[in-house]
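Let's take a walk through a small piece of protein architecture. Have a look at the sequence and the fold first, and then we'll go through the features together.

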Amino acid sequence: GPSLALALDEPKETDQVFAVDGITFLVDNDLMAQARPINIDFVDTGFHRGFAITSKLSRNSSCGSNTCSC
């Protein structure tokens, strides 16, 4: 099934575009319909620093410190 990950990309006609604090996020319309709500948070525990992605598709995914599991 579908999964969530962070990546660099150019906007497409099928994307929804969100700008938050100067950062632009793109989400495919079909994925957004399946995953909403999607939350992206920056996490710094001292041991791990990166982004945590949560949605109804997965309980908790994280990207950062040279690892990504989404």
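What volume does the largest pocket have? It comes to about 820 Å³. Keep in mind as you read that this is a predicted model.

**The pocket and its lining**

The elements that each put two or more residues into the lining of the largest pocket are strand E1 (15-20), strand E2 (23-28), helix H1 (29-35), E3 and E4. E2 is the top contributor, giving six residues. Altogether 27 residues line the largest pocket, and nearest its centre you'll find Leu6, Phe25, Leu26, Val27 and Ile40. What kinds of residues make up this lining? Sort them and you get 18 nonpolar, three polar and six charged.

**Hairpin one: E1 and E2**

Now for the strands. E1 and E2 run antiparallel and are paired over six bridges. To see one spot along this pairing, find Ala19, which sits opposite Thr24 in E2. The two strands make a hairpin with two residues between them.

Asp21 is worth a stop, as it lies in the loop between E1 and E2. Its phi is near 50°, which is positive even though the residue is not a glycine. Is Asp21 buried or exposed? With a relative accessible area of 78%, Asp21 is exposed, because the cut-off for that label is over 50%.

**Hairpin two: E3 and E4**

On to the other hairpin. Strand E3 (residues 39-44) and strand E4 (residues 49-54) are antiparallel, with six bridges joining them. Four residues lie between E3 and E4 in this hairpin, and in the turn Gly46 has a positive phi of about 90°.

Asp44 and Arg49 turn up together twice. As part of the strand pairing, Asp44 has Arg49 in E4 as its bridge partner. Their side chains also form a salt bridge, with the closest N and O atoms 3.7 Å apart. The two residues get separate accessibility labels: Asp44, at 47%, is partly exposed, while Arg49, at 51%, counts as exposed. Why the two labels? The line for exposed is drawn at over 50%, so Arg49 at 51% passes it, and Asp44 at 47% is partly exposed because its value falls between 20% and 50%.

**Side-chain contacts**

How many salt bridges are there? The count is two. You've met one of them already, between Asp44 and Arg49. The other joins the side chains of Lys12 and Asp9. Lys12 has 45% relative accessibility, so it is partly exposed.

There is also one aromatic pair. Phe42 and Phe51 make up this pair, and the arrangement is edge-to-face, with 75° between the planes. Phe51 counts as partly exposed, because its relative accessibility is 33%.

Here are the side-chain contacts lined up:

| Contact | Residues | Distance |
|---|---|---|
| Salt bridge | Lys12 and Asp9 | 2.6 Å, N to O |
| Salt bridge | Asp44 and Arg49 | 3.7 Å, closest N and O atoms |
| Aromatic pair | Phe42 and Phe51 | 5.5 Å, centre to centre |

**A cis peptide bond**

One last stop. Which residues are joined by a cis peptide bond? They are Arg36 and Pro37, and omega is about -5° there. If you want to find the spot on the model, look in the loop between H1 and E3, where Pro37 lies.

Methods: Residues numbered from 1 in each chain as written. Predicted model: local features only at pLDDT ≥ 70, side-chain atom pairs only at ≥ 80, totals over all residues. Heavy atoms only, no water. Pairing = 2+ DSSP bridges. Phe/Tyr/Trp six-rings, centres within 6.5 Å; stacked < 30°, edge-to-face > 60°. Buried < 20%, exposed > 50% of the residue type's maximum accessible area, 1.4 Å probe, protein only. 1 Å grid on protein atoms, 1.4 Å probe; cavity = no way out; pocket = protein on both sides within 12 Å on 5 of 7 lines; lining within 4 Å. Points joined across faces, edges and corners; volume = space filled by probe spheres on them. Nonpolar A, V, L, I, M, F, W, Y, C, P; charged D, E, K, R; others polar. Salt bridge = Lys/Arg side-chain N within 4 Å of Asp/Glu carboxyl O.
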